[in-house]
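Reader: I would like to go through this chain with you, beginning with its overall make-up and then turning to its sheet.

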Amino acid sequence: MKRNIVIAAVTAAALIGGGTATALATTGDDDGPARQTANTRVSDDDRRDDRDDAEQVADADVTAAEAIASALKHTSGTAVSAELDDEDDSGKTVWQVDVLAGDDTWRSVSVDPSSGKVLGAHKDDEDDTAQVRAALKGSAVTAEEAAKAAAGKGVVTSVDLDDDGKGQAWEAETRKQDGTEQDWKIGLDTAKVTADRSDTQDDTDDDQD
């Protein structure tokens with residue numbers, strides 16, 4: 001009787017907590033304690049929280065290049081980055097496109113990855129406007145064109161301007177169907193796509209650690 005009461009109590013606690021509980025119960029004989037495990041089903045919220053990047057990419061019918069084009073129709077300027085990401089307030093996966101306007105103001109434009117519809121835009125603060133302008137001066141390749149060039153390597157999940165030092169270029173991240181991710185450099189003048197060696201080196205260093 002006591003064993004049943006203990007197991008029932010622990011099972012109830014597991015259901016309330018939404019997790020897994022393990023109880024030790026006395027059988028009443030000389031064989032010692034018996035271990036009883038109560039399992040509960042993971043909640044739908046937990047399943048959504050555990051959705052990985054591969055599922056986010058699978059849900060995106062709109063490519064990075066299409067998202068950029070849609071954002072620029074809504075907000076005129078120069079697209080500097082686009083990323084398939086989760087919104088902090090809703091958890092919904094959207095394309096976030098950063099646009100630098102002619103008056104040097106920044107706008108972050110949210111684009112629906114299923115329809116390409118602009119969901120909204122808000123003013124953003126950036127402190128590297130001059131650096132971005134200098135990197136893009138005379139550039140023949142836009143963010144949209146860079147995204148299209150990188151699409152031959154996999155599904156583009158982000159494209160961004162690398163405006164540091166001599167290695168100025170567009171950077172893109174792609175993901176293949178097997179989940180393999182890779183970073184690429186796209187030339188500002190030629191749209192030539194090359195593997196990001198710095199990314200490869202970082203991965204090698206992490207493996208050695």
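Reader: How many helices and strands are there in the chain?

Author: This is a predicted model, in which local features need pLDDT of at least 70, side-chain atom pairs count only at pLDDT 80 or more, and totals for chains, interfaces and linings use all residues. Residues are numbered from 1 along each chain as its sequence is written, and side-chain values use heavy atoms, with hydrogens and water left out. Taking helices (H or I, at least four residues) and strands (E, at least two) as DSSP runs numbered from the N terminus, the chain has 7 helices and 10 strands.

Reader: Which strands stand at the edges of the open sheet?

Author: Strands pair if DSSP finds at least two bridges between them, and 8 strands form this antiparallel open sheet in the order β6-β5-β4-β3-β7-β8-β9-β10. Two of these strands each have a single partner, so one side of each is left without a neighbour in the sheet; they are β6 (118-124) and β10 (193-195).

Reader: What is the bridge partner of Ala82 in β4?

Author: Strand β3 (residues 78-86) pairs with strand β4 (residues 93-100) in the antiparallel sense over 8 bridges. Within β4, the residue bridged to Ala82 is Val97.

Reader: What angle does the direction of helix α4 make with that of β4?

Author: Helix α4 (residues 64-74) packs on the sheet, where its contacts (heavy atoms within 4.5 Å) include β3 and β4. With axes as lines fitted to C-alpha atoms, for helices over the stretch in contact, and angles running from 0 to 180 degrees between N-to-C directions, the value is about 55°.
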